[in-house]
Amino acid sequence: MGGLIASFISKWLTKKSYVGVNKLRKGFTFVGALGFSFCMLGIFLAECNIVINILCFTLSLFSSGVALAGIMIAGVDMTPMFAGTLMGVASTIGGLSTVIIPLLTGYLTTHVSKE
């Protein structure tokens with residue numbers, strides 16, 4: 001939902017020539033990342049308060065959408081003809097961590113339990 005709202009705002013700001021595309025992308029990414037960080041801090045500080053945790057979690061997902069409005073369009077800005085291929089390669093490289101990290105953790109940790 002955050003990405004959808006950010007997209008409408010981005011289109012309006014671009015159409016009215018209030019902000020350049022470069023600053024707009026960076027601005028949405030900054031605001032989204034900052035909002036996400038504050039929400040994660042809020043979850044940490046709320047401890048076991050369920051209402052605040054759910055609120056912060058929901059706002060963090062909204063903020064992620066706002067950040068993605070600046071990040072996901074970068075492939076189209078860099079290379080419009082090969083944006084799909086570029087995003088596919090980037091997602092594959094990013095997704096490899098879900099395979100490599102557990103394997104690396106299993107290799108580096110000992111299998112001795114404390115008694």
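1. A residue is called buried when its relative accessible area is under 20%, and exposed when that value is over 50%. By this standard, 20% of the 115 residues of the protein chain count as buried. The coordinates come from a predicted model, and the remarks below should be read with that in mind.

2. Fold content. The protein chain holds six helices and zero strands, and the order of elements from the N terminus is α-α-α-α-α-α. The chain is more spread out than a compact globule, because its radius of gyration is 19 Å, well over the 13 Å that the globule rule gives for 115 residues. The C-alpha trace spans about 65 × 40 × 20 Å along its principal axes.

3. Surface and contacts. About 8900 Å² of the protein chain is accessible surface, and carbon and sulfur atoms account for 75% of that area. Among contacts between residues at least 6 apart in sequence, 52% join residues at least 24 apart.

4. Nonpolar core. Which residues make up the largest nonpolar core? The five are Ala-6, Leu-13, Leu-24, Phe-28 and Val-66. Helix 1 (2–15) and helix 2 (21–46) are the elements that give two or more residues to this core. One of the core residues, Leu-13, is in contact with Tyr-18, Val-19 and Leu-24, once its neighbours within four places in sequence are left aside.

5. Ser-10. This residue is found in helix 1. Is Ser-10 buried or exposed? With a relative accessible area of 12%, Ser-10 falls under the 20% limit and is therefore buried. Not counting residues up to four places away in sequence, Ser-10 touches Leu-24, Arg-25 and Phe-28. Of these partners, Leu-24 and Phe-28 also belong to the largest nonpolar core.

6. Cysteines. How many disulfides does a search of the whole structure find? The search returns zero. For Cys-39, the closest cysteine sulfur is that of Cys-56, at 5.4 Å; a disulfide needs the two sulfur atoms within 2.5 Å, so the pair is too far apart for a bond. Cys-48 is likewise in no disulfide, and its nearest cysteine sulfur, again that of Cys-56, is 14 Å away. The surroundings of the two residues can be stated as well: Cys-39 is buried at a relative accessible area of 10%, whereas Cys-48 counts as exposed at 73%.

7. Annotated spans. The unreviewed UniProt entry carries the annotation "transmembrane region" for residues 27–46, 52–74 and 86–108. In the model, residues 27–46 are 100% helix and 0% strand, with the end C-alpha atoms 28 Å apart. Residues 86–108 are 96% helix and 0% strand, and here the end C-alpha atoms lie 33 Å apart. The annotation comes from the UniProt record and may be inferred rather than shown by experiment.

8. C-terminal segment. Where is the place of Thr-109? Thr-109 sits in the segment after helix 6 (97–108). Its relative accessible area is 41%, which means that Thr-109 is partly exposed. Thr-109 and Trp-12 are 97 residues apart along the chain, and 52 Å separates their C-alpha atoms.

Methods
Residues are numbered from 1 along each chain as its sequence is written. This is a predicted model: local features need pLDDT of at least 70, side-chain atom pairs count only at pLDDT 80 or more; totals for chains, interfaces and linings use all residues. Side-chain values use heavy atoms; hydrogens and water are left out. A nonpolar core is a set of buried Ala, Val, Leu, Ile, Met, Phe, Trp, Tyr and Cys residues joined through side-chain atoms within 4.5 Å. Buried means under 20% relative accessible area, exposed over 50%, partly exposed in between (1.4 Å probe, protein chains only). Helices (H or I, at least four residues) and strands (E, at least two) are DSSP runs, numbered from the N terminus. Contact means heavy atoms within 4.5 Å. The radius of gyration is taken over C-alpha atoms; the globule rule is 2.2 Å times the number of residues to the power 0.38. Accessible areas come from the Shrake-Rupley method with a 1.4 Å probe; for residues, only the protein chains shown count as cover.
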